[in-house]
Amino acid sequence: MMHVSECIVSAPGKAILHGEHAVVHGKVALAVSLNLRTYLRLKATNTGKVCINLPNIDTFLCWHVSEVEQLMPCSRGKQEDLKHLDPELVKRLREFVGGANGNFDTSNMATLAFLYMYLSLFGSGELPSLTVSVWSELPTGAGLGSSAAYSVCLAAALLCARGAIPAPLKEWEHTARWCQEDLELINSWAFQGEMIIHGNPSGVDNAVGTWGGMLRFLAGRIIPLSRVPLLRILLTNTKVPRSTKVLVARVKDKINKELIDINQHHLNVMGVGHPALDTLCRVTLAKGLHSKLTGAGGGGCGITLLRPETDSSVVQTTIRELKDCDFDCWETSIGGPGVQVHSPLSVKEDILGILNRY
């Protein structure tokens, strides 16, 4: 039984402001919401089908509800333990979704996370027919929390449709957020999605997507910070592929050899810089702006702080020069709200057009 016939939700991406490598070694990291958002529209239908549309990654799938129903393990009751996945359901879904030669790409993983949450939340009764459509402003695989923003949106929309949390939007409001208790439930389910996609996530990305603002992360504890200013930034994707695992191992090796003091200024010394990130720093410094890598480094993304007095003509020429280096560049902000529900009026026209297409 569906408790809402339609809802639109969004969640932000994330950037690591400081401590991206220190955190692996038990030191503090600061993660902040990135106001490039993922939007999800859930719509109840009477087609007898469950559909997911992910145009960013060219994925459009539909199944008959009866087909999906057969994937539920017989013995399965309501899922109480949200710290672990149900291995039997994951196994069945992996076989059903089926990556080529057991290789699961972004599309397979996103599908898996959706079906897992859908079946876990609705599986104890009659499965509803519905369509979920998603559009994201975040690039995938750039270390900006795109999978977590997706998982948070899925969790919020499906929990709302299930009636597990209320639909908080009053008819005169454009956007609304949930209370702390509901956000904790959204975050727990989003973490399930992240476990499916990443295996062993830290929980930081989904926490940022849920609460927004800025979070302090230390030894597995996540503490939201209050009174976070909204700061304008440039986000630059150098489009240099990176392997977090390899970069983290490289830093560990250097620390073991006592070559360095862990400090933000020494990320380059630690071997996680990249000529592309040096180019970013050089271009922005020439304009009086300061940049640093965000995430694992070795390419990937960098953020440049825009002070309130930074002139828009400076911002525009900087963006132009960075694009000339073949980088992607966005003017956005950090510290914005976490997951929220929208009236159609509060969603950018082009994004609403995409969500309504399916």
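Helices here are DSSP runs of H or I with at least four residues, numbered from the N terminus. By that count, S146 lies in helix 4. The model is a predicted one, and what follows walks through a few of its helices and the residues around them.

Start with the big picture. The protein has 10 helices and 13 strands. Of its 358 residues, 53% are buried. Contacts between residues far apart in the sequence feature heavily too: if only contacts with a separation of 6 or more are counted, 74% of them join residues 24 or more positions apart. As for the outside, the protein exposes about 16,600 Å², and carbon and sulfur atoms supply 53% of that area.

Back to S146. Its relative accessibility is 17%, and buried means under 20%, so S146 counts as buried. Setting aside neighbours within four places in sequence, S146 touches T38, L138, P139, T140 and G141.

Next comes the way helices pack. Two packed helices are described by the angle between their axes and the distance between the axes. For helix 3 and helix 4, the angle is about 25° and the axes are 10 Å apart. Angles under 35 degrees count as roughly parallel, so helix 3 is roughly parallel to helix 4. On the helix 3 side, the contact is made by A110, T111, A113, F114, M117, Y118, L121 and F122. Helix 4 brings Y150, S151, L154, A155, L158, L159, A161 and R162 to the same contact. Sorted by class, that gives 13 nonpolar, 2 polar and 1 charged residues. The crossing of helix 3 past helix 4 is right-handed.

Helix 3 (residues 106-122) also meets helix 5 (residues 180-198), with the axes coming within 9 Å and crossing at roughly 140°. Roughly antiparallel would take an angle over 145 degrees. Helix 3 and helix 5 are therefore oblique to each other. Here again, helix 3 makes a right-handed crossing. The residues involved are M109, L112, A113, Y116, M117, S120 and L121 from helix 3, together with W189, A190, Q192, G193, I196 and I197 from helix 5. This contact holds 10 nonpolar and 3 polar residues, and no charged ones. A113, M117 and L121 of helix 3 turn up in the contact with helix 5 and also in the one with helix 4. As for spacing like that, an α-helix has 3.6 residues a turn, so residues three or four places apart point the same way.

Then there is helix 6 (residues 204-211). How much of helix 6 is buried? The count is 8 of 8 residues, so helix 6 is largely enclosed by the rest of the structure. The residues in question are V204, D205, N206, A207, V208, G209, T210 and W211. They pack against quite a mix of elements: strand 1 (6-18), strand 2 (29-44), helix 4 (146-162), helix 5, strand 7 (214-218) and strand 8 (221-225). Just after helix 6, G212 has a positive phi of about 70°.

Strand 8 is where I222 sits. With a relative accessible area of 31%, I222 is partly exposed. Beyond its neighbours within four places in sequence, I222 is in contact with S202, G203, V204, A207, L215, R216 and F217. Two of these, V204 and A207, are among the buried residues of helix 6. V208, another buried residue of helix 6, is 14 residues from I222 along the chain, and their C-alpha atoms are separated by 9.5 Å.

Technical notes: Residues numbered from 1 in each chain as written. Predicted model: local features only at pLDDT ≥ 70, side-chain atom pairs only at ≥ 80, totals over all residues. Heavy atoms only, no water. Axes fitted to C-alpha atoms, helices over the stretch in contact; angles between N-to-C directions. Helix = DSSP H or I, 4+ residues; strand = E, 2+ residues; numbered from the N terminus. Parallel < 35°, antiparallel > 145°, perpendicular 65-115°, else oblique. Left-handed = near helix turned anticlockwise from the far one by under 90°. Contact = heavy atoms within 4.5 Å. Nonpolar A, V, L, I, M, F, W, Y, C, P; charged D, E, K, R; others polar. Buried < 20%, exposed > 50% of the residue type's maximum accessible area, 1.4 Å probe, protein only. Areas by Shrake-Rupley, 256 points an atom, 1.4 Å probe, with all protein chains shown as cover.
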